[in-house]
Amino acid sequence: MGGGNGQKAKMAREKNLEKQKGAKGSQLEANKKAMTIQRFVFLLVSAAPVECKVCMQTFICTTSEVKCREHAEAKHPKSDVEACFPHLKK
C-alpha cells in the first residue's frame, strides 16, 4: 500500500541529501553563473520600452528596427520614421 506523509518526507530528505553529496565543483563557479543570470534579468527588466512619439504607442524593449519602421509606415504615412522613433536616426 501507499506510504504516508512521514514516509514521503523521509524519501524527500534522502533524495535531497544525495543531491547535496553529488554536487561537485566550486561554489565560486556557481556564484558566477548566478550573477550572470541576475545581470541578464536586470538588463531585461531595466530596459526602457520603445515608444512612438506620434501616437505614444509603446513597444517592448526588444522590438526590432524593422517593426518600428513597419509601424511608422502603416500608422503614420505622412510623418517621417525618425519623427516616430528618434532613436533610429543615423
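## Annotated domain

An unreviewed UniProt entry lists residues 52–88 as "domain: At2g23090-like zinc-binding". In the predicted model examined here, the C-alpha atoms at the two ends of this span lie 11 Å apart. Helix accounts for 41% of the span and strand for 5%.

## Overall architecture

The chain contains four helices and two strands, arranged from the N terminus in the order α-α-β-β-α-α. Of its 90 residues, 12% count as buried. The accessible surface comes to about 7800 Å², and carbon and sulfur atoms contribute 59% of that area.

Contacts across the sequence were also examined. Among those between residues at least 6 apart, 31% join residues at least 24 apart.

## Nonpolar core

The largest nonpolar core consists of nine residues: V50, C52, F59, C68, A72, V81, C84, F85 and L88. Helix 3 and helix 4 (81–84) each supply at least two residues of this core.

The surroundings of the core residue C68 can be described further. Apart from neighbours within four places in sequence, C68 is in contact with V50, T63, F85 and L88.

## Salt bridges

Three salt bridges are found in the whole structure. One of them joins the side chains of K53 and E51, with an N to O distance of 3.9 Å. K53 counts as partly exposed because its relative accessibility is 46%; E51, at 27%, is likewise classed as partly exposed.

Helix 3 holds the pair R69 and E65, which lie four residues apart, about one turn of the helix. The closest N and O atoms of their salt bridge are 2.8 Å apart. R69 is partly exposed at 24% relative accessibility, and E65 is partly exposed with a relative accessible area of 34%.

## E70 and its surroundings

E70 lies in helix 3, which covers residues 65–75. Its salt-bridge partner is K67, and the closest N and O atoms of the two are 3.9 Å apart. K67 and E70 are three residues apart in helix 3, so about one helical turn separates them. Both residues of this pair fall in the partly exposed class, K67 at 48% relative accessibility and E70 at 42%.

The position of E70 can also be given relative to V81. The two residues are eleven residues apart in sequence, and their C-alpha atoms are 9.2 Å apart in space. V81 belongs to the largest nonpolar core, whereas E70 is partly exposed.

Definitions and conventions
Residues numbered from 1 in each chain as written. Predicted model: local features only at pLDDT ≥ 70, side-chain atom pairs only at ≥ 80, totals over all residues. Heavy atoms only, no water. Buried < 20%, exposed > 50% of the residue type's maximum accessible area, 1.4 Å probe, protein only. UniProt positions renumbered as here; feature names shortened; annotations may be inferred. Contact = heavy atoms within 4.5 Å. Areas by Shrake-Rupley, 256 points an atom, 1.4 Å probe, with all protein chains shown as cover. Core = buried A, V, L, I, M, F, W, Y, C linked by side-chain atoms within 4.5 Å. Salt bridge = Lys/Arg side-chain N within 4 Å of Asp/Glu carboxyl O.
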